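Hi everyone, thanks for coming. I'd like to walk you through one structure today, a helix at a time, so have a look at it first.

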Amino acid sequence: MIRVLLVDDQPLIRSGFRALLDLEDDIEVVAEAANGSEGLELAREHLPDVALVDIQMPVVDGIEATRRIAADPALTGVHVVILTNYGLDEYVFDALRAGAAGFLVKDVVPEDFLHAVRVAARGDALLAPSITRKLINRYVTEPRPTRAGRGLEELTSREREAVVLVAQGLNNDEIADRMVISPLTAKTHINRAMTKLQARDRAQLVIIAYEAGLVAPRNS
């Protein structure tokens, strides 16, 4: 059973998501919060698999709530998915660095929303396609300050290759095919790279790869 925490200051949004999630046999909404502070308390109480967190809320916003969840050793199993009305903006970069596993825009269709919850519960990175495209385009037109050197020298050549392929959007099976290794070995390379680069999940790994220059963005 996938346990979900809803954190949004709009009751109507929460009730809509809850109604959708409650219809699924493998998903359970364990709690609701109206701001990030309440969300953090409920995350510690219920230890959900997924926390769906609005990016803009009173008291404590979604970015700070994500940062506090990511920093709490007791909450390492909580995967934060940020909910936004606005698509890509500066909040996206900040929340990914804070530890968000991914983003969804609130007008996502129900099928994609449910799929996203299940993907996040598995621990996989999740970015709405529209946000992914804009994220890469932002790196093309407005390069971010690099963080080169932080752990990069510790990567083996195979780990570095795996990170580049993750940043190109490949999944473990595709990475394994490209590197001519097993999917388990590919996952091992990625996990070791995440540890060395201090990336909480694959979403952060993508950001680090671009900021460190391991991947050179280009217009398609």
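Let's start with α8, where Asp177 and Arg178 are exposed, meaning over 50% relative accessible area with a 1.4 Å probe, protein chains only. Quick housekeeping: this is a predicted model, where local features need pLDDT of at least 70 and side-chain atom pairs 80 or more, while totals for chains, interfaces and linings use all residues. Residues are numbered from 1 along each chain as its sequence is written, and side-chain values use heavy atoms, without hydrogens or water.

Back to α8, residues 172-179: on the other side from that exposed pair, Ile175, Ala176 and Met179 are buried, which is under 20%, with partly exposed in between. Why the same side? Those three cover an arc of only 100° around the axis, going by the directions from the helix axis to the C-beta atoms. Helices here are DSSP runs of H or I, at least four residues, numbered from the N terminus.

What do the buried residues of α8 pack against? They pack against α7 (157-167), α9 (183-196) and α10 (202-211), with contact meaning heavy atoms within 4.5 Å. Right after α8 comes valine 180, with a positive phi near 55°.

Now α7 and α9: their axes, lines fitted to C-alpha atoms over the stretch in contact, come within 9 Å and cross at roughly 95°. On a 0 to 180 degrees scale between N-to-C directions, 65 to 115 counts as roughly perpendicular, so that's what α7 and α9 are to each other.

Technical notes:
Helices (H or I, at least four residues) and strands (E, at least two) are DSSP runs, numbered from the N terminus. Angles under 35 degrees count as roughly parallel, over 145 as roughly antiparallel, 65 to 115 as roughly perpendicular and the rest as oblique.
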